[in-house]
Amino acid sequence: MAGLMDDRNSGFDWPALMRAGMRGLGLKPQEFWALTPAEFLLMLGAGSGTAPMGRSRLDELARAYPDAAPVREDKSDG
């Protein structure tokens, strides 16, 4: 989030943060000011971690661990 830091005094660029929160995320002012920095950065997508599993990995897991065929119970009275 380097673009949100103000180079003049090493503080936050509040106008940019407020634009990101209120215009970008659609937050109301009271919602914006109630957030912790960690919550705000999470909402902006910072530090989102690893990418979700792709289709090829899902297919690989499905081949490695196939679903078992369901066991059919015979409900006849014979």
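This report describes the overall fold and the aromatic residues of a single chain.

The structure is a predicted model, and the chain in it has four helices and two strands. Read along the sequence, these elements follow the pattern β-β-α-α-α-α. Of the 78 residues in the chain, buried residues make up 10%, and the accessible surface of the chain comes to about 6,900 Å², with 56% of that area belonging to carbon and sulfur atoms. Among the contacts in the chain with a separation of 6 or more, residues 24 or more positions apart account for 14%.

**Aromatic residues**

One aromatic cluster is formed by F12, W14, F32, W33 and F40. When ring centres within 6.5 Å are taken as a pair, the count comes to four aromatic pairs. One of these joins F12 and W14, whose ring centres lie 5.5 Å apart with planes at 55°, so this pair is tilted. The angle falls in the tilted class because planes under 30 degrees apart count as stacked and those over 60 as edge-to-face. The rings of W14 and W33 likewise form a tilted pair, since their centres are 5.5 Å apart and their planes stand at 35°. This second pair links distant parts of the chain, with W14 in helix α1 (residues 14–24) and W33 in helix α2 (residues 29–34), 19 residues apart. The two pairs are set out below.

| Pair | Distance between ring centres | Angle between planes |
|---|---|---|
| F12 and W14 | 5.5 Å | 55° |
| W14 and W33 | 5.5 Å | 35° |

**Exposed side of the cluster**

F12 has a relative accessibility of 47% and therefore counts as partly exposed, and W14, at 40% relative accessibility, also counts as partly exposed. Together with W33, the residues F12 and W14 make a nonpolar surface patch of about 370 Å².

**Buried member of the cluster**

Is F32, another residue of the aromatic cluster, buried or exposed? With a relative accessible area of 6%, F32 is buried, because the limit for that class is under 20%. F32 has its place in helix α2, the helix in which W33 also lies. Leaving aside residues up to four places away in sequence, F32 touches L17, M18, G21, M22, L27 and F40. For one of these partners, L17, which is 15 residues from F32 along the chain, the C-alpha atoms of the two residues are separated by 9.3 Å. The cluster thus includes F32, W33 and F40 alongside F12 and W14, with F32 buried and with F12 and W14 partly exposed.

Note on methods
Residues numbered from 1 in each chain as written. Predicted model: local features only at pLDDT ≥ 70, side-chain atom pairs only at ≥ 80, totals over all residues. Heavy atoms only, no water. Phe/Tyr/Trp six-rings, centres within 6.5 Å; stacked < 30°, edge-to-face > 60°. Buried < 20%, exposed > 50% of the residue type's maximum accessible area, 1.4 Å probe, protein only. Patch = residues over 30% accessible without salt bridge, like charges linked within 9 Å, V, L, I, M, F, W, Y side chains within 5 Å. Areas by Shrake-Rupley, 256 points an atom, 1.4 Å probe, with all protein chains shown as cover. Salt bridge = Lys/Arg side-chain N within 4 Å of Asp/Glu carboxyl O. Contact = heavy atoms within 4.5 Å.
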